[in-house]
Amino acid sequence: RVASFRPMIPRGRYAPSPTGTTHLGNASTALLAWLSVRAASGPYVVRLEDLDRPRVVAGSAEGILRDLDWLGLDWDEGPDRGGPYAPYVQSERGGPYAAAFETLRAAGLIYPCFCSRRDIQSAASAPQSPGDEALYPGTCRDLPPDEVAARVASGRAHAWRFRVEPAAVAPFTDRIHGRYEAPPGSIGDFVVRRADRVPAYQLAVVVDDIAMKIDEVVRGEDLLASTVRQLLLYRALGATPPAFAHVPILLGADGVRLSKRHQGATLRELREAGESAASIVGHLAHQHGLRPKPEPIRARQLVAGFDLGI
């Protein structure tokens, strides 16, 4: 069993991707993460997850920081002010990712995979994981070493996957959802380094949280299932996992998860329409049951007595 813990004074973080303007869903998660760590008098870290370079939008990193500041969510460490675990931008953290990759490879916990996304999706035996993601069917898992070497030597593009042993997939306790256990067979071998040699999200987020001594992770419940994979990496890298809290995702009027595609849902649009930061915070606080009515309130006024749950 993999257990999470809650330290007396946690180090929390908010790790957005600079792929556009901040929408209400982002602000909701940032607020709850900030309230949780501030209620315990802990430091709040901002880290930019920009490894998916084609999706990064110029100026959005600066916009995210402006939006957080406007909402009243101050931070102690981040890309604009540094800190003891700098840099706080993933694209500048290649060294730690390479070191973790070599640790996993030396231990025989990862292997090269030559399959394309189309190969995996078209595999007749490929099961589905939560979220309708095609699970890897294990095509390259047990290739003979000489064949692997020949393919690599020939220049075949390949990703690297983590070997998932079913017996190692353990339940964990989430502060919102309680005990979470992945359905049997739902966690397949997953990518830790893409074919373009860029670290995959699962590896990068774990390496960063270990390096930055993050011991409380508050994020959207859409990432709940991913936590199981990350716990395997924590164990493989000999690190203690943080406490996890996967908070509810805000939905738009259409019942779909809020995103940048929803008109009028970004903080910039709301600010330009005359909304105040206090009114946005009050709306979000009401959505999460922190206030009986959606009345304006400053983020700092919500800190006293705040508790996410378990």
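**Glu 77**

I began with Glu 77 in this predicted model, and I asked whether Glu 77 counts as buried or exposed. Its relative accessibility is 6%, and because buried means under 20%, Glu 77 counts as buried. I then looked up where Glu 77 lies, and I found it in the loop between helix H2 (60–71) and H3. Setting aside residues up to four places away in sequence, I listed what Glu 77 touches: Arg 11, Tyr 44, Val 45, Val 46, Gly 82, Gly 83, Pro 84, Tyr 85 and Tyr 88.

**The chain as a whole**

I next turned to the chain, which has 310 residues, 50% of them counted as buried. I noted nine helices and eleven strands as its secondary structure. Taking the contacts with a separation of 6 or more, I read that 76% of them are between residues 24 or more positions apart.

**Helices H3 and H6**

Two packed helices are described by the angle between their axes and the distance between the axes. I looked up both values for helix H3 (residues 94–106) and helix H6 (residues 201–211), and I noted an angle of about 110° with the axes 10 Å apart. Since angles of 65 to 115 degrees count as roughly perpendicular, I wrote down that H3 and H6 are roughly perpendicular to each other. Which residues meet where H3 packs on H6? From H3 I listed Pro 96, Tyr 97, Ala 100 and Leu 104, and these meet Leu 203, Ala 204, Val 207 and Asp 208 in H6. Sorted by kind, the residues of this contact are seven nonpolar, no polar and one charged.

**Ala 27 and helix H9**

I moved on to Ala 27, which is found in helix H1 and counts as buried because its relative accessibility is 2%. Without its neighbours within four places in sequence, Ala 27 is in contact with Thr 22, Leu 71, Leu 267 and Leu 284. I also checked Ala 27 against Leu 68, which is 41 residues apart from it along the chain, and their C-alpha atoms are separated by 7.8 Å.

Leu 284 led me to helix H9 (residues 277–287), where the buried residues are Ala 277, Ser 279, Ile 280, Val 281, Gly 282, Leu 284 and Ala 285. I asked what covers these buried residues of H9, and I found that the cover includes helix H1 (24–39), H2 and helix H8 (267–272). After H9 comes Gly 289, for which I noted a positive phi, near 75°.

**Aromatic rings**

How many aromatic pairs does a search of the whole structure find? I noted four. One of them is the stacked pair of Phe 162 and Phe 190, with 5.3 Å centre to centre and 20° between the planes. This pair links distant parts of the chain, for Phe 162 is in strand S6 (residues 159–162) and Phe 190 in strand S9 (residues 190–193), 28 residues apart. Both Phe 162 and Phe 190 are buried. I also noted the tilted pair of Phe 172 and Tyr 180, at 5.7 Å centre to centre and 55° between the planes, and these two residues are buried as well. Phe 172 and Tyr 180 form one aromatic cluster with Phe 244.

**Charges over rings**

Last, I looked for charges over rings. I found Arg 151 over the face of Phe 114, at 5.2 Å from the ring centre, and the charged end of Arg 271 over the ring of Trp 70, 4.8 Å from its centre.

Definitions and conventions:
Residues numbered from 1 in each chain as written. Predicted model: local features only at pLDDT ≥ 70, side-chain atom pairs only at ≥ 80, totals over all residues. Heavy atoms only, no water. Axes fitted to C-alpha atoms, helices over the stretch in contact; angles between N-to-C directions. Helix = DSSP H or I, 4+ residues; strand = E, 2+ residues; numbered from the N terminus. Parallel < 35°, antiparallel > 145°, perpendicular 65-115°, else oblique. Contact = heavy atoms within 4.5 Å. Nonpolar A, V, L, I, M, F, W, Y, C, P; charged D, E, K, R; others polar. Buried < 20%, exposed > 50% of the residue type's maximum accessible area, 1.4 Å probe, protein only. Phe/Tyr/Trp six-rings, centres within 6.5 Å; stacked < 30°, edge-to-face > 60°. Lys NZ or Arg CZ within 6 Å of the ring centre and 35° of its normal.
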